[in-house]
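Here is a short report on a structure with two chains to keep in view. Please read it with the sequence and the coordinates open.

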Protein chains: 2
Amino acid sequence: MRFVTFRTQDGERPGAVLSGPDAGADSDRILDLSDIASRVEDLLADGALLAQARTAAETADATALPSLGSVRLAGPVTPGKILCLGYNYRGHVPDGVDPRADDPEWPDVFVKTPNTLGGPSDAVPIPPGATDVDYEGELAVVIGRRAQRVPIEDALDHVGGYTILNDVSDRAWQRRQSQWALGKCSDGFAPLGPWVVTPDEVPDPQNLLVEVVRDGVVTVSQSTSTTIFSVAFVIHHLSQVLTLEPGDVVSTGTPQKLPAAQEAHRPLAGGDAVTVRISRIGELTTTFSSAREAAA
Amino acid sequence: MRFVTFRTQDGERPGAVLSGPDAGADSDRILDLSDIASRVEDLLADGALLAQARTAAETADATALPSLGSVRLAGPVTPGKILCLGYNYRGHVPDGVDPRADDPEWPDVFVKTPNTLGGPSDAVPIPPGATDVDYEGELAVVIGRRAQRVPIEDALDHVGGYTILNDVSDRAWQRRQSQWALGKCSDGFAPLGPWVVTPDEVPDPQNLLVEVVRDGVVTVSQSTSTTIFSVAFVIHHLSQVLTLEPGDVVSTGTPQKLPAAQEAHRPLAGGDAVTVRISRIGELTTTFSSAREAAA
């Protein structure tokens with residue numbers, strides 16, 4: 001199933017996305033699930049609610065539902081914490097060289113603060129004066145069940161679903177200190193979505209193609225099979241140190257840009273659009289806007 | 001004024017701490033402010049509510065109120081984000097050496113996640129297997145009014161008050177990656193409190209003595225006059241990059257341990273207690289407990 005959070009005049013509501021009568025995303029319909037739960041994270045955390053949502057989706061007449069395009073989506077969940085991995089994809093190495101030779105022993109983990117969260121259609125403001133804003137296309141894991149010191153073999157049981165995060169970064173700020181927070185935490189720098197796909201539709205999270213498209217050019221294209229740390233390991237690992245709660249997001253890092261894209265790279269500016277697409281999940285297109293110089 | 005959040009069977013409530021008839025902290029009384037606001041951050045954010053709270057405190061008969069010791073305190077606010085500074089106090093330098101010579105150009109900023117927040121009386125669990133847990137006594141600023149790109153001369157207008165944070169750290173995890181998140185974000189690693197003191201009682205945040213006492217020995221003793229980045233600068237600076245919201249906490253870094261304390265230092269263990277005291281604010285005593293090995 002695909003779960004979304006959509007905005008109404010009375011606040012945000014959870015919904016399921018159903019395929020409409022025609023092929024393609026334009027035909028998608030939305031089923032309001034607010035009779036079953038108030039938040040997507042509650043559906044992910046509670047098997048009984050999830051079963052109710054499945055039944056509702058199976059018995060709904062999709063042709064009678066509003067189109068997905070008629071509603072405005074928020075981030076599919078509101079994470080208490082967004083934990084992100086730095087370097088997690090191996091680069092290309094020549095034949096005969098062990099691709100694991102440079103693997104770090106542990107994932108490098110940083111935090112994006114709640115002000116970074118954006119819905120899938122929300123424009124991301126380029127902060128005034130920012131000169132080096134960049135994108136990172138990432139598979140993001142949404143926690144379903146609380147995870148505290150879970151063994152690796154049980155770790156995927158705590159996954160509520162998968163979505164896409166664009167880990168937008170201000171490289172200038174990121175370089176100015178040892179810690180990356182100010183390069184990662186500008187308002188809106190974590191567009192998330194468009195939906196959470198439940199694990200039954202993503203049987204192997206280590207076999208997904210992550211791609212980024214900018215100006216019609218594929219700038220990133222690499223499988224999650226090339227990550228250093230698997231989703232299961234990362235959930236296990238983080239849960240040794242801190243407790244993961246339903247709705248928390250763990251973003252698994254970005255592959256490097258392709259060599260030609262590294263060559264052609266220019267910082268993001270107002271009007272740019274970046275699409276992150278991941279097999280079995282979907283795609284997240286983010287537009288960037290020149291921030292108004294807000295008054296103090 | 002001193003604001004606290006206290007726990008009741010019906011949830012958390014805001015309160016004011018009033019001096020009782022006798023001298024000393026044991027005489028403190030608590031005034032329930034839940035008729036005026038539901039959260040301390042709302043009092044700090046809204047001048048009209050703050051004025052009502054002041055009036056209520058001025059007209060209350062302290063002798064008729066319950067003692068502060070009869071209630072259980074939560075963290076005085078529930079911050080949406082906890083932003084912390086790394087290195088921010090100058091060390092001692094020999095006479096004739098410019099103490100500013102090694103000042104960094106920008107503060108080093110990192111994030112503590114919401115699971116770290118603890119009330120002033122909550123024990124902090126030493127995570128299973130942790131071998132190098134340490135304390136850091138810090139002046140913490142609580143944001144009162146939203147701050148977005150504020151000039152330095154207006155920055156203190158956005159401060160709702162001051163409190164104390166013990167930035168508990170697992171040094172072993174902190175050293176394992178470039179980013180410190182896993183060393184800083186174990187559950188309960190941000191005991192906060194006991195109260196928020198409003199700025200009228202802290203006329204100069206750059207003239208406060210920060211001390212830490214462990215096992216009866218003063219291990220840290222340094223004035224906020226020796227910080228590299230003032231509270232006003234830090235609020236200004238952070239607000240250029242992200243929006244600070246009412247209740248957010250900005251912790252201003254810890255002074256180094258005194259030389260003898262560095263020499264005698266041993267990692268924290270279950271049963272240890274650490275007191276952070278800051279002039280004009282108060283003191284925060286945190287006990288550490290051996291974590292139960294929670295079942296997965």
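## A covered helix in chain B

Start with helix H5 of chain B. Its buried residues are Val231(B), Ala232(B), Val234(B), Ile235(B), His236(B), Leu238(B), Ser239(B) and Val241(B). A residue counts as buried if 20 or more other C-beta atoms lie within 10 Å of its own, as exposed if 12 or fewer do, and as partly exposed in between; the C-beta atoms are placed from the backbone. Helix H5 spans residues 231-241 of chain B and is mostly covered, with eight of its 11 residues buried. Helices (H or I, at least four residues) and strands (E, at least two) are DSSP runs, numbered from the N terminus.

This is a predicted model, in which local features need pLDDT of at least 70 and side-chain atom pairs count only at pLDDT 80 or more, while totals for chains, interfaces and linings use all residues. Residues are numbered from 1 along each chain as its sequence is written, and chains are lettered from A and ligands numbered from 1 in the order in which they are written.

What covers H5(B)? Both chains contribute. The cover of its buried residues includes helices H3 (171-176) and H4 (181-184) of chain A. From chain B it includes strands E5 (82-85), E10 (137-143), E11 (159-166) and E16 (249-251).

## How the chains meet

The contact between the chains involves 34 residues of chain B and 34 residues of chain A. Two residues are in contact if their C-beta atoms, placed from the backbone, lie within 7 Å. On the chain B side, strand E6 (109-112), helix H3 (171-176) and helix H4 (181-184) each give two or more residues. E6(B) supplies the largest share, three residues. By class, this side holds 18 nonpolar, 10 polar and six charged residues. Here Ala, Val, Leu, Ile, Met, Phe, Trp, Tyr, Cys and Pro count as nonpolar, Asp, Glu, Lys and Arg as charged, and the others, Gly among them, as polar.

A turn of 180° with a shift of 0.0 Å along the axis lays chain B on chain A, with an RMSD of 0.0 Å. That is the relation of a two-fold axis. The superposition is by least squares on the C-alpha atoms of residues with pLDDT of at least 70 in both copies. Of the interface residues of chain B, 100% are also interface residues in chain A, so the copies meet through the same surface.

## The nonpolar core

The largest nonpolar core has 159 residues. Such a core is a set of buried Ala, Val, Leu, Ile, Met, Phe, Trp, Tyr and Cys residues joined through C-beta atoms within 7 Å. Those with the most contacts inside it are Ala140(A), Ile235(A), Ala140(B) and Ile235(B). Leaving out residues up to four places away in sequence, Ala140(A) touches Tyr162(A), Thr163(A), Ile164(A), Leu165(A), Leu192(A), Val249(A), Val250(A) and Ser251(A).

Strand E11 (residues 159-166) of chain A has eight of its eight residues buried, so it is largely enclosed by the rest of the structure. It runs antiparallel to strand E10 (residues 137-143) of chain A, joined by seven bridges. Two strands pair if DSSP finds at least two bridges between them. Ile164(A) in E11(A) is the bridge partner of Leu139(A). E11(A) also pairs with strand E13 (residues 190-197) of chain A, antiparallel, over three bridges. There, Leu165(A) has Leu192(A) as its partner.

## The five-stranded sheet of chain B

What is the strand order of the open sheet of five strands in chain B? The order is E8-E18-E17-E14-E15, with mixed pairing. Strands E8 (124-126) and E15 (217-223) are the edges, each pairing on one side only.

Strand E14 (residues 209-214) of chain B pairs antiparallel with strand E17 (residues 273-278) of chain B over five bridges. Glu211(B) stands opposite Arg277(B). Six bridges join E14(B) to E15(B), again antiparallel. One partner pair is Arg214(B) with Val217(B). Two residues lie between the strands of this hairpin, and Asp215(B) takes a positive phi near 50°.

In a regular strand the side chains alternate between the two faces of the sheet. E14(B) shows this alternation: Val210(B), Val212(B) and Arg214(B) point to one face and are buried. Leu209(B), Glu211(B) and Val213(B) point to the other and are not buried.
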